[in-house]
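Dear colleague,

I am passing on a structure that you have not worked with before, and below it I have set out what was found. Please read the notes with the structure open beside them.

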Amino acid sequence: METILNPWPWYISGPLIALVMALLLYFGKTFGMSSNLRTMCSIAGAGKFTDFFNFKWKDQLWNLTVVLGAIIGGFIAVQFLSNHSGTDLNPTTVAELQNMGFNNPGQNLVPNEMYSLDVLASPKALLLLVIGGILVGFGTRYAGGCTSGHAITGLSSLQKPSLIAVIGFFIGGLIMTNFILPLIF
């Protein structure tokens, strides 16, 4: 159980991801979460109003099982396969987060100051969530996929647009972390 409850090292999880990607490539499938939103909108009838959603959504039903598996797997992992240990952060990162107003950084998987239900009562936090959601939604459509789709599927199939997108994701993350987030908090 100790092996299951603790994070797996890269040399185990990496080859497992590679195996899954090899199987997906063999069967002619791609992996990504943002494309599922398009499929769900198409199922709901959005294709009647916009051509973007007018496609054979039944060909993408298999990918919805990935979403369902991620939800169920996440629940099982948190409820039954987690040792509830904190995240081991660099002391400099802990000090910087505490200076931004985060209490006990690294004690939880995600900071309560950003991810608890109490945050929804704050207009500032709600505005950040809405703006962030719109930017992520726009970005995934503009980039032709989400971070998981480009970083896992796109790079493993040697697609140049995915390499460019992943480089952009990292640059955007660095800008957000080092320049924008300190201004917000």
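Leu158 is found in the loop between α8 (147-156) and α9 (160-184), and its phi is near 60 degrees, a positive value in a residue other than glycine. Please keep in mind here, and throughout, that this is a predicted model. With a relative accessibility of 78%, Leu158 counts as exposed, because the cut-off for that class is over 50%.

A positive phi also appears at Asn104, where the angle is near 55 degrees, again in a residue other than glycine. Asn104 belongs to the loop between α5 (91-99) and α6 (112-115), and its relative accessible area of 55% places it among the exposed residues.

As for the overall picture, the protein has nine helices and zero strands, so that reading along the sequence gives the pattern α-α-α-α-α-α-α-α-α. Its C-alpha atoms fill a box of roughly 50 × 40 × 35 Å, taken along the principal axes. Of the 185 residues in the protein, 18% are buried, while the area that the protein exposes comes to about 13600 Å², with carbon and sulfur atoms supplying 70% of it. Among the contacts with a separation of 6 or more, 47% are accounted for by residues 24 or more positions apart.

One pair of residues that is far apart in sequence may help you to find your way around the model. Ile4, which lies in helix α1 (residues 2-5), is 77 residues from Leu81 in sequence, yet the two are 6.7 Å apart in space, C-alpha to C-alpha. Ile4 has a relative accessibility of 42% and therefore counts as partly exposed.

On the surface there is a nonpolar patch of about 1100 Å², made by Trp8, Trp10, Tyr11, Ile12, Leu16, Leu19, Leu23, Tyr26 and Phe27. Of these residues I would point you to Phe27, which lies in the loop between α2 (10-26) and α3 (34-43) and which, at 56% relative accessibility, counts as exposed.

The aromatic rings deserve a separate paragraph. The structure holds four aromatic pairs, and one of them is formed by Phe52 and Phe53, whose rings are edge-to-face, at 5.2 Å centre to centre and with 75 degrees between the planes. Phe52 is partly exposed, with a relative accessible area of 35%, whereas Phe53, at 18%, is buried, because that value falls under the 20% cut-off. In the pair of Phe75 and Phe80, the ring centres are 6.2 Å apart and the planes stand at 80 degrees, so this pair too is edge-to-face. Phe75 is partly exposed, with a relative accessible area of 49%, and Phe80 is exposed, with a value of 57%.

Which residue lies over the face of Phe52? It is Arg38, at 4.4 Å from the ring centre. Arg38 also lies over the face of Phe55, in that case at 4.1 Å from the ring centre.

With kind regards

Notes. Residues numbered from 1 in each chain as written. Predicted model: local features only at pLDDT ≥ 70, side-chain atom pairs only at ≥ 80, totals over all residues. Heavy atoms only, no water. Patch = residues over 30% accessible without salt bridge, like charges linked within 9 Å, V, L, I, M, F, W, Y side chains within 5 Å. Areas by Shrake-Rupley, 256 points an atom, 1.4 Å probe, with all protein chains shown as cover. Salt bridge = Lys/Arg side-chain N within 4 Å of Asp/Glu carboxyl O. Helix = DSSP H or I, 4+ residues; strand = E, 2+ residues; numbered from the N terminus. Buried < 20%, exposed > 50% of the residue type's maximum accessible area, 1.4 Å probe, protein only. Phe/Tyr/Trp six-rings, centres within 6.5 Å; stacked < 30°, edge-to-face > 60°. Lys NZ or Arg CZ within 6 Å of the ring centre and 35° of its normal. Contact = heavy atoms within 4.5 Å.
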